[in-house]
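Student: I would like a close look at one part of this model, the enclosed space inside it, and then at the strands and side-chain contacts that can be described along with it. Could you take me through that in one connected account?

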Amino acid sequence: MKQPLFLKPCFQEKIWGGQRLKTKFGYPIPSNQTGECWAISAHPHGPATVLNGEYKGQTLDQLWQNNRELFGNATGDVFPLLTKILDARTELSVQVHPDDSYAMEHEHELGKTECWYVIAADEDSEMIYGHHAKTKAELSTMIKKGQWDKLLRRIPVKAGDFLYVPSGTIHAIGKGVMVLETQQSSDTTYRVYDFDRVDKKTGEKRRLHIKQSIDVTNVPHIDPKLDISTHKQGNAEITKYIATDFFSVYKWELPFGKASFQREKAPYTLVSVLDGQGKIIIAGESYSLTKGQHFILPFDVKEWTIEGKLSIIASEPGIRA
């Protein structure tokens with residue numbers, strides 16, 4: 001199949017969500033509290049649907065189960081990655097995700113290592129990223145006593161920043177921040193603290209997961225070292241943000257003109273157009289690209305060229321995926 005698989009996203013309403021998925025990307029969001037666009041997803045809680053070609057109308061999880069040749073006959077029971085755009089009108093809960101081993105044992109799904117590319121951020125925006133506890137005992141004491149100012153580590157963020165969030169990292173996306181998130185295909189989140197918010201729909205506070213959070217949090221917190229590199233490719237600037245066992249993530253910045261690409265080791269590529277417009281040319285066929293589109297370049301697409309003015313985040317499955 002030498003053509004891209006364009007996808008229709010799923011949307012998730014959240015207590016902390018807003019309207020920017022509509023105002024910035026033009027998505028048909030279900031309400032003014034829409035927090036997440038599940039853009040490239042085969043997860044049962046929100047699978048994306050193919051918009052074009054012979055597989056039009058099928059969900060990505062159906063393709064993974066029934067047409068594995070599109071993905072280079074990759075192994076695994078589930079499609080390994082999930083691409084989201086998150087709009088945090090207010091801060092998310094302080095949370096942590098388990099690794100594969102803990103998640104499989106307790107939740108029967110993959111763990112959740114993720115990363116964020118910051119699309120937009122209000123002035124003076126910040127993330128909760130990590131903690132100051134030195135031991136598990138200290139972590140447990142500070143959580144149970146609600147010593148959040150003492151425990152939580154806050155860092156400033158701005159548009160264009162990239163953060164890697166391995167499983168076991170306490171974190172929260174801050175108020176006024178919009179990110180593209182590349183993650184393992186998992187919906188397991190352990191809430192450590194939720195700012196004592198009450199969900200208007202239920203009239204109750206959301207559930208916390210204190211025991212699980214303490215179980216899976218890495219202590220002490222150590223910032224992962226990133227080896228970000230940039231090179232020119234045609235008229236494009238290619239930034240490699242990270243390459244891990246779970247995923248590799250890149251930015252293709254094309255201010256004008258065109259750039260050509262060849263598939264290397266990865267069996268397929270996930271692509272999200274964050275800004276601009278242009279086209280992608282595959283086997284002599286041209287497909288229009290515009291802000292807010294998401295698609296997969298399947299295994300048979302070995303070469304492609306992009307033209308126009310485009311800002312794109314692309315990802316590939318890692319060794320373990």
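**The largest cavity and its surroundings**

Tutor: The residues that line the largest cavity are I40, T83, L180, T182, L270, V271, S272, I313, A314 and S315. Three elements each give two or more residues to this lining, namely β12 (177-184), β20 (269-282) and β23 (303-317). Please keep in mind throughout that the model is predicted, and that the values below are computed from it. Sorted by class, the lining of the largest cavity comprises 6 nonpolar and 4 polar residues, with no charged residues. The space in the largest cavity comes to about 30 Å³, and the count of cavities of 30 Å³ or more is 1. As background, empty space is revealed by rolling a probe the size of a water molecule over the atoms.

From the lining we can follow β20 outward to its strand partner. Strands β20 and β22 run antiparallel and are joined by 4 bridges, and in this pairing T269 stands opposite L297 of β22. Strand β22, which spans residues 294-297, is covered on both faces, since H294 and I296 on one side are buried, as are F295 and L297 on the other. Strand β1 (residues 5-8) is also antiparallel to β22, to which 2 bridges join it, and here F6 is the residue that stands opposite F295.

Another of the lining elements, β23, leads to the aromatic contacts, of which the structure holds 19 pairs. Pairs of this kind are described by the distance between the ring centres and the angle between the planes. One of them is formed by W64 and F79, whose ring centres are 5.4 Å apart and whose planes lie at 85°, so this pair is edge-to-face. Because W64 belongs to helix α2 (residues 60-66) and F79 to the loop between α2 and β5 (81-88), the pair ties together parts that are 15 residues apart in sequence. Both W64 and F79 are buried. The pair that involves β23 is that of F261 and W304, with ring centres 5.8 Å apart and planes at 5°, so it is stacked. Here F261 lies in strand β19 (residues 258-262) and W304 in strand β23, so the parts tied together are 43 residues apart in sequence. F261 is buried, with a relative accessible area of 8%, and W304 is likewise buried, at 5% relative accessibility. Ring pairs also link W64 and F79 with F71 and Y268 into a cluster.

Turning to charged side chains, a search of the whole structure finds 13 salt bridges, and a network of them links E36, K84 and E181. Among the individual bridges, D194 and R197 meet at 2.7 Å, N to O, and both of these residues are buried. In the bridge between D161 and K158, at 3.0 Å, N to O, the two partners differ in their surroundings: D161 counts as buried because its relative accessibility of 18% is under 20%, whereas K158, with a relative accessible area of 54%, is exposed because this is over 50%. K205 and D196 also form a salt bridge, at 3.6 Å, N to O, and K205 counts as exposed at 53% relative accessibility.

Note on methods:
Residues are numbered from 1 along each chain as its sequence is written. This is a predicted model: local features need pLDDT of at least 70, side-chain atom pairs count only at pLDDT 80 or more; totals for chains, interfaces and linings use all residues. Side-chain values use heavy atoms; hydrogens and water are left out. A salt bridge is a side-chain nitrogen of Lys or Arg within 4 Å of a carboxyl oxygen of Asp or Glu. Buried means under 20% relative accessible area, exposed over 50%, partly exposed in between (1.4 Å probe, protein chains only). On a 1 Å grid over the protein atoms alone, a cavity is a set of points where a 1.4 Å probe fits but cannot get out, and a pocket is an open set with protein on both sides within 12 Å along at least five of seven lines; lining residues have an atom within 4 Å of a point. Grid points are joined across faces, edges and corners, and a volume is the space filled by probe spheres set on the points. Ala, Val, Leu, Ile, Met, Phe, Trp, Tyr, Cys and Pro count as nonpolar, Asp, Glu, Lys and Arg as charged, and the others, Gly among them, as polar. Two strands pair if DSSP finds at least two bridges between them. Rings of Phe, Tyr and Trp (its six-membered ring) pair if their centres lie within 6.5 Å; planes under 30 degrees apart count as stacked, over 60 as edge-to-face and the rest as tilted.
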